[in-house]
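Could you open the structure in your viewer and keep the selection panel handy? We will go from stop to stop, with something to select at each one.

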Amino acid sequence: MKPSSEKPTYTIKQVADQIGLSRQVLRKWEERYDIVVPERLDNGYRTYTNEDIRLFSLMKRYAEEGFALSQAAEMAKSQEVPFTQSNPEETYLDAILRELLHHGTNCDELELNFSLQAAYHRLGLEHYLQQIIIPFLQKVGDNWASGEWDEYQEALSSLVVRDQLVQIRRNFQYREDSPILLGACLPYESHEIPVHIILLQLMLRGWRTAMIGSSPAPGAIQSFVEKIQPVKVLLSASTTTPFETDPLVIQELDEFAGLHANTEFYLGGYGALLRSEKLELENIRIIETIDKI
């Protein structure tokens, strides 16, 4: 993986996977419409930047809206920023968050997905997570809690964010010898988006990550740990539901952690912090931030 201070580059296969087009189509668009001019390595392979991906994404969007490919290419190349800024005093971050909330309100999955992709390609992963994803999710939660949004608006917006984060994790470049960290929700815990965010932040710091999704079956975490032998395990509980539903789950995991001295176990999340004083754990450390990892 590259340090977050460097500009990342991508292979044509990675670009194709992110955008959802074949490599053959991307090459034709390059040759016929000059949408991007990729750099080439000494071995002749193309390399692409976040800006190249943004231009491809814009061209794809306009083509899907019915414009001819030549028009779509020119429209994409003429776009300096991937959003409509109505207030000259509005910053890019304010404007993109406003756009995301607008699309979420209208349940416009296609536009919501495109705006998120454009923000990611413009900002890079670290700023994308901190300045777009987290503030947007907080606003989604506020809108749902206040009754301004209904359950479908909240669920659709959260699902689009989750799918984006999953896609980024799948395409993330890491070194094969990077240490492995396993992230997992506790059984009966359904909030997995925080785990995706944390794992991506840890990947930026050099970790190779694996993940078990929401509400894993009892025993699944133990089985996965024995199979992949991670250096560290991060367990997450955004709510107190896991502890209320089956108090023995965390005790069993604590005993399991005691049998695996070469793996460090951590427990985080709002629900875990609420229950921290009542949890008598000997082998799992309760943490508030990933800095402890």
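The tour below starts with the whole chain and then moves to single sites.

**Before you start**

This is a predicted model, in which local features need pLDDT of at least 70, side-chain atom pairs count only at pLDDT 80 or more, and totals for chains, interfaces and linings use all residues. Residues are numbered from 1 along each chain as its sequence is written, and side-chain values use heavy atoms, with hydrogens and water left out.

**The whole chain**

Show the protein chain as a cartoon: there are 13 helices and seven strands. These are DSSP runs numbered from the N terminus, with helices being H or I of at least four residues and strands E of at least two. The radius of gyration, taken over C-alpha atoms, is 21 Å, close to the 19 Å that the globule rule gives for 293 residues, so the chain is as compact as a globular protein of that length. That rule is 2.2 Å times the number of residues to the power 0.38. Turn the C-alpha trace along its principal axes and the spans are about 65 × 55 × 30 Å.

Now colour by accessibility. Of the 293 residues, 46% are buried; buried means under 20% relative accessible area, exposed over 50%, and partly exposed in between (1.4 Å probe, protein chains only).

**Salt bridges**

How many salt bridges does a search of the whole structure find? The search gives twelve, each being a side-chain nitrogen of Lys or Arg within 4 Å of a carboxyl oxygen of Asp or Glu.

- Select Asp 17 and Lys 13, whose side chains meet in a salt bridge at 3.1 Å, N to O. Both residues lie in helix 1 (residues 12-19), four residues apart, about one turn of the helix. Asp 17 is partly exposed at 38%, and Lys 13 is partly exposed at 44%.
- Select Asp 177 and Arg 175 for a salt bridge of 2.8 Å, N to O. Asp 177 is exposed, with a relative accessible area of 55%.
- Select Glu 244 and Arg 275, which are joined at 3.7 Å, N to O. This pair links distant parts of the chain, with Glu 244 in helix 11 (residues 241-245) and Arg 275 in helix 13, 31 residues apart.
- Select Arg 162, Asp 163 and Glu 192 together to see a network of salt bridges.

**Two loops with positive phi**

Most residues other than glycine have a negative phi. Centre on Cys 107, in the loop between helix 5 (92-105) and helix 6 (109-123), and read a phi near 55°, a positive value. Cys 107 counts as partly exposed at 26% relative accessibility.

Next, go to Ser 215, in the loop between strand 4 (208-212) and helix 10 (220-228). Its phi is also positive, near 45°, and Ser 215 is partly exposed at 38%.

**A buried tyrosine**

Is Tyr 266 buried or exposed? Select this residue in strand 6 (residues 264-268): at 2% relative accessibility, Tyr 266 counts as buried. Draw a C-alpha to C-alpha distance from Tyr 266 to Ile 96 and you should get 34 Å, for two residues 170 apart in sequence.

**Last stop: the loop at Glu 282**

Glu 282 lies in the loop between helix 13 (270-275) and strand 7 (284-286), and is exposed, with a relative accessible area of 74%.
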